[in-house]
Amino acid sequence: MKILFRADANTTIGLGHVQRSLSLAIALRKQGVESLFLTNPSNSQPKRISSLGFSVEILPFQESWSSADARAVFEIASQRDCAAVVVDSHQASADYLDEVGRAGIFVAVRDDLALFPFSCQLVINGNADAKGLPYRSSTGDTEFLLGPEYAVLREEFEYITPLRGSSNVSNVLVILGGTDGYDLMPRILSHLDTMSGEFRVTAVLGPFFHNTAAVRSVAADSVRQISLVEAPESVHDLMLNADLAVSAAGQALYELGCTGCPTVAISVATNQEGQLSAFKDAGALLSAGDAGSGEIIAELDKHLRVCLADEGVRTGLASAGQRLVDGKGAQRVARALVTQVDQRSKTKTNSHSN
């Protein structure tokens with residue numbers, strides 16, 4: 001079986017779509033499935049995709065999620081004899097998905113928003129708020145995999161041990177995703193430098209940060225020890241070695257929850273608000289609110305002080321996070337996808353033989 005993934009990564013949307021696709025492709029490889037990728041020429045990740053053993057095709061134009069894009073997906077899937085296409089983008093419209101699925105190719109979509117009825121065969125939303133969204137099928141035969149049990153994480157998160165804890169905070173991790181559109185990182189590091197407590201800071205710089213020089217300047221002038229990690233291949237060990245995290249409310253929430261790292265989170269995009277609220281309601285993090293708020297540093301300070309001072313709060317957040325996310329979502333999605341593609345193929349074969 002071959003499956004084509006269609007996803008982009010750039011300074012506007014960050015790394016999440018490509019990373020989720022890679023994690024699912026790795027899980028599918030364990031099921032004996034060959035995966036290949038189609039991406040926009042602006043994507044900065046082809047070398048990384050190739051380094052993980054997957055072939056990459058580049059669109060011959062810049063405009064993603066257009067009718068021409070859909071035709072290219074269909075044509076490449078047909079040429080490469082792919083049994084299915086997996087699309088991961090907030091910008092893939094109903095018309096786009098209809099065109100990709102013409103002539104009966106199996107289409108799976110990684111969606112976060114439930115903006116329209118789906119005609120595709122499978123919709124995957126591993127977000128914590130997914131079950132509360134108004135998902136519906138326009139064809140009546142769409143399957144939905146919803147909730148954090150289907151959160152597709154990197155392979156190493158499958159093997160997390162039960163809850164770990166520490167009596168004090170010695171390392172604070174700051175992780176904001178691939179971009180820093182609100183210039184949060186230098187402000188957060190500056191503020192952490194003023195707080196009391198004997199802790200060091202580890203800050204992750206995403207590959208699309210525009211403010212690396214400002215972050216380096218803050219770190220160099222800091223009284224506190226600040227280690228900067230640029231575009232790491234994996235954040236798994238960084239999370240396991242942290243006693244507390246400040247995080248954007250994107251994919252990292254699921255990784256931090258899985259590792260049992262107590263977290264204060266910030267929404268840096270409108271599509272993060274639902275899952276931030278769901279994690280908060282589950283007791284799996286403290287929310288500092290929206291990155292665009294003029295009070296964001298004050299809110300962050302309030303929650304950090306609570307976490308730094310109270311081991312019980314940290315333990316409660318960590319325990320709730322691990323209850324919510326077990327790290328095995330990629331394998332669940334891979335098994336479901338292979339099963340459904342197989343079943344559809346058998347149904348089509350039987351109908352043709354009759």
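Colleague: Why is Asp69 called buried?
Modeller: In this predicted model, Asp69 has a relative accessible area of 0%. Buried means under 20%, so Asp69 counts as buried.

Colleague: And what makes Arg6 buried or exposed?
Modeller: Arg6 also comes out with a relative accessible area of 0%. The cut-off for buried is under 20%, so Arg6 is buried.

Colleague: How do you know that Asp69 and Arg6 meet in a salt bridge?
Modeller: Look at the N to O distance between their side chains, 2.8 Å. A salt bridge needs a side-chain nitrogen of Lys or Arg within 4 Å of a carboxyl oxygen of Asp or Glu, so this pair qualifies. The pair links distant parts of the chain, with Asp69 in helix H3 and Arg6 in strand E1, 63 residues apart.

Colleague: What makes Arg71 and Glu99 a salt bridge?
Modeller: Their closest N and O atoms are 3.9 Å apart. The limit is within 4 Å, so the pair counts as a salt bridge. Arg71 sits in helix H3 and Glu99 in helix H4, with their positions 28 residues apart in the chain.

Colleague: Why are Arg71 and Glu99 called partly exposed?
Modeller: Arg71 has 35% relative accessibility, while Glu99 has 21%. Buried means under 20% and exposed over 50%, with partly exposed in between, so Arg71 is partly exposed and Glu99 is partly exposed.

Colleague: Which residue follows the end of helix H4 in the loop towards strand E5, and how is its exposure classed?
Modeller: That's Gly101, in the loop between helix H4 (94-100) and strand E5 (106-110). Gly101 has 22% relative accessibility, and partly exposed lies between 20% and 50%, so Gly101 gets that label.

Colleague: How do you know that Asp112 and Arg20 form a salt bridge?
Modeller: Their side chains meet at 3.5 Å, N to O. With the cut-off being within 4 Å, the pair is therefore a salt bridge. Asp112 lies in the loop between E5 and strand E6, Arg20 in helix H1, 92 residues apart. Asp112 and Arg20 are both buried. Arg20 and Asp112 also belong to a network of salt bridges with Asp88 and Arg110.

Colleague: Where does the largest share of the lining of the largest pocket come from?
Modeller: Helix H1 supplies that share, 5 residues. The lining has 48 residues, and among those nearest the pocket's centre are Ile13 and Gly178. By class, the lining splits into 18 nonpolar, 23 polar and 7 charged residues.

Methods: Residues numbered from 1 in each chain as written. Predicted model: local features only at pLDDT ≥ 70, side-chain atom pairs only at ≥ 80, totals over all residues. Heavy atoms only, no water. 1 Å grid on protein atoms, 1.4 Å probe; cavity = no way out; pocket = protein on both sides within 12 Å on 5 of 7 lines; lining within 4 Å. Helix = DSSP H or I, 4+ residues; strand = E, 2+ residues; numbered from the N terminus. Nonpolar A, V, L, I, M, F, W, Y, C, P; charged D, E, K, R; others polar. Buried < 20%, exposed > 50% of the residue type's maximum accessible area, 1.4 Å probe, protein only.
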